[in-house]
Each structure stands twice: as structure tokens, then as C-alpha cells.
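Visitor: Could you take me on a close look at a single part of this protein? I would like one connected account, starting from one residue and working outward.

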Amino acid sequence: MLRYQVLRRALSLKTTINPQSTLKLTQPPNHQALLLLTTPHLLNSTIDTFVNLTSKESPEQHSIQKAAVICVDSILQCKNAVSEVWLDVPDQLRIMDYVVKDDEVKNEPKPRTSEADPIKLDKNWKDGLTDTQLSLNLFSEGNIEDKLVNLKLNLGRSLFVNGLESTCFTYHNPTIPEFTTESKLNFVNLQKLTIGLRLPSATPVKFGEKSLIQSKYTNQFIKLPFEPNEDDVYVVDSHVGNLIKRINFKPASGYLIENPNLNDSKDHSIWVKLSKYDPDTATVKMDKPTDEYYRVIVGGSGWDAEKMAMLGIDPIVGDGLDYKKQIKLYEVSKEKNVLSLDDTVDVSKKAKFVVECSEADESFSQFDDKLSEKVIDGVVGFGSENGFQYDEVWHKAPNELVEVDVSTC
């Protein structure tokens, strides 16, 4: 019980979905630091509320000493939501690194022509934000140099609400001497921001030890057979960069060209799962956040690379094919995986971060005020249409998500 009392007193999490009136930020007693996440639809009203909260009294009177305000694509699978993370000690929220946004810079590095680049094949109205980034590191109290979890994702596009491609800024109470240097960044738009959250603990962890982090990984993948009578383990035998040449000593693209599950349509979103090949455990692997799934971008079903008998997967794979890999084939289900949040759980015993790959919007739409409002205590969320990283592993398929439960750390 002591653990939960300490957690509740030192860390407060809340998400408001579809707020039907002006959002009110309620500062818990004695909490002095705030991480505030908002979707683009609610960005302006959220900023106004935050500014009013920090300026309604003089800086000497209000107690918010440090804050970060960040716009993301989605929160808990919703495009109209705000999440709040309140901490009682300012040092529990660390601004570890940042890059100031230069909106005048138009030139972007060109991709290597030797790679099959999905950006060229899948253009949409939100392209251009891959150079932005929010990096969130969760630390255990008393062990600030040893990360428990690292989460990364691109910032949300805010161009249609405030004229800025993305919106992310920090706030430091200018009257606090130790924040004098950083206070120069107050309300300066950032391109990249790295934050460290030190999680309170009833039993501080010794250096070199890690607290227990419970995570739940969910996706919408449906397993597809490589062949009609699939009864074998399929292994990548040969590749060049992100181009797979042979699987089980056969041309790789042939598995898609001749696949009866794919011949009926070219609308499939095809993915492969890669894992280090181990003959003893090749058929008994459970889904987990460190699994590596990559989108097939060329090869098979009429794609150009079929002439070379290759499959091209997302170049984000990097060096992931440098040793023998088992490979499995998947498509993404069109039925949305609905996030289930148990409202019956005691909020004093709940502290959960949910990171997700958002569904892509085809165009900007206004906030729908007919949706019902819902407040969820003990949970915060953030998502990006470009996917996210969980401990350096990319997740880029629609509605992939990881729930990180820190209530027992």
C-alpha cells in the first residue's frame, strides 16, 4: 500500500477525451512540474489554458516551476484529447536535450538512391515531419542514469491550427535561479525535445538495478501463409541492404506473386516479422514490444522489383538483416483494435503510459463537438502517424500500441 500512496502523492496522470468545454487544468496540491500533451484540434485552447494558469498570478505566486507542452497526432486512439502528467518535484521532469525549430530551413537531406524508400511510394499531406521528435525516458527514483524505458515519436502536424509545422515548447518559472539558463527557451518552438521523467518509488532502486516495468503490446496483424500448405520455417538466405533476395533458397518475391491470399487485391498492407533464427524455438515465439515488423514496399503483386525476384522492406530495418533471420508474413486487419481501459481499476494504483501508431488522416477536419467527453485518470497517451520507437525498436503499422504500466516499478 505504501508504494501506491507514494505514487499517488508524487505522480498524477489524467487524459481528457473530447472535452466539451474549455479545458481546465487542475493542478494537484504541491505538484510543481507538468508534461502536457495535446492533439492538434485542441492545441490552441490547451495553450491558452496553460498560459492563463501560469500568468493569472505573478510568477512568485503560482507554483508551476517547470513544464513542457507538446502537440502529437493522437492520444489514446483519439484525435481530440489532452493528457496531463503532474509531478510534485520539479527535478522529476528533466529537459535533457532540445533542438530549436528553424521554420525557414526548407532543404531536407535526400535519401540514398540505393534504398527502396517508402516515402516516395506513400506520399500524404503530412509528409515532412520526420525530422521532428519527442523522446521520453522513464527513470526510476534514485537511479536516474539507468533508463527503464525509452519512447520516441515524431511531433504532430499543427500547420492548420497555428501556422507552425509542429508545436513543442518548454516553460520554466523565471524566478527559480537554477532554471535561469533554460528559462530563455520559454515558449520557443522546438523541433526535438528529450525529456526524462523520474518515477517516484517507495523503495529506491540501487544503481545498476532495474525496477519491474510491465508492458502490453497490441497490433492488428493477421498471419498469412507464405505457401498454401505452409509447414516449414522460412528463413532469409540472401539480401542486399533492405532488399531480400532469397527465402528458403527460393526467389523472395515469388512467395507474394504466387500467393493466393494476395492475388485478389493489391490493396493489402503487407508486413514481415523478423527474428533471429533459432531452430529450437523458431515456431514458439510470443508477440512482444521488441518484435520487429517491417512493411513490404516493393516486390510481388505487380511491384517493379518482382523482375529482380526481390522483396524490398522499409529501409528503417538498417542492419537488422545482417545475420540469419526467420521471417513471417502478415497483413494489417481493417478492423480497428480498440484500446480497452478498465475504469474499475483503482486510479490510486494505476500509472500507465500508452504510445501508439495513429491512423492516418486523409485531410484536416474540425473538432466534432457532438462526441461525448470522457476523463481517464491514471493514464496518459501519445501517438504519431509515422509510428513510434519502444526501446529502439520501430513500430509503424496502424494501431500498433504499447501500454507501459509503471505502477509497480
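Guide: Happy to, and let us start with Ser135. Setting aside neighbours within four places in sequence, Ser135 is in contact with two runs of residues: Asn150, Leu151 and Lys152, and then Leu193, Thr194 and Ile195. Please keep in mind throughout that this is a predicted model.

Ser135 lies in strand 6. Its relative accessibility is 3%, and because buried means under 20%, Ser135 counts as buried. Among its contacts, Asn150 deserves a second glance: the side chains of Ser135 and Asn150 make a polar contact at 3.2 Å.

Now follow the other run of contacts, which leads to strand 9. Strand 9 spans residues 190–199 and is mostly covered, with nine of its 10 residues buried. Strand 6, residues 133–140, pairs with strand 9 in the parallel sense, over eight bridges. Within that pairing you can pick out Leu136, which stands opposite Ile195 in strand 9. Ile195 is also one of the residues that Ser135 touches.

Strand 9 has another partner to look at. Strand 5, residues 93–100, pairs with strand 9 over seven bridges, here in the antiparallel sense. Tyr98 stands opposite Leu193 in strand 9, and Leu193 is again among the contacts of Ser135. So much for that side of the residue.

Let us go back to Asn150, Leu151 and Lys152. Gln389 touches these three residues as well as Trp394, not counting residues up to four places away in sequence. Gln389 lies in strand 22, which covers residues 388–390. Along the chain, Gln389 and Lys152 are 237 residues apart, yet their C-alpha atoms are separated by 4.9 Å. With a relative accessible area of 10%, Gln389 is buried. Asn150, Leu151 and Lys152 are thus touched by Ser135 and by Gln389.

A second serine makes a good companion to Ser135. Ser358 is found in the loop between strand 19 (352–357) and strand 20 (374–377). Ser358 counts as buried, at 6% relative accessibility. Beyond its neighbours within four places in sequence, Ser358 is in contact with Asp73, Ser74, Lys79, Gly383, Ser384 and Glu385. Of these, Ser74 has a side chain that makes a polar contact with the side chain of Ser358, at 2.5 Å. Glu400 is 42 residues from Ser358 in sequence, and their C-alpha atoms are 8.0 Å apart in space.

For a helical view, turn to helix 2, residues 43–55. Helix 2 has 13 residues and reaches 18 Å from its first C-alpha to its last, close to the 18 Å expected at 1.5 Å a residue. Its buried residues are Leu43, Thr46, Ile47, Thr49, Phe50, Leu53 and Thr54. Looking down the helix axis, these buried residues fall within an arc of 160°, so they line one face of helix 2. They pack against strand 2 (33–38), strand 3 (66–71), strand 4 (81–87), helix 4 (159–162) and strand 8 (168–172).

Finally, step back to the whole protein. It has five helices and 24 strands, and 52% of its 409 residues count as buried. Among contacts with a separation of 6 or more, residues 24 or more positions apart account for 80%. The protein exposes about 19800 Å², with carbon and sulfur atoms supplying 49% of that area.

Notes:
Residues numbered from 1 in each chain as written. Predicted model: local features only at pLDDT ≥ 70, side-chain atom pairs only at ≥ 80, totals over all residues. Heavy atoms only, no water. Helix = DSSP H or I, 4+ residues; strand = E, 2+ residues; numbered from the N terminus. Buried < 20%, exposed > 50% of the residue type's maximum accessible area, 1.4 Å probe, protein only. Contact = heavy atoms within 4.5 Å. Polar contact = N/O pair within 3.5 Å; in protein donor to acceptor, adjacent residues only side chain to side chain. Areas by Shrake-Rupley, 256 points an atom, 1.4 Å probe, with all protein chains shown as cover. Expected span 1.5 Å × (residues − 1). Arc of directions from axis to C-beta. Pairing = 2+ DSSP bridges.
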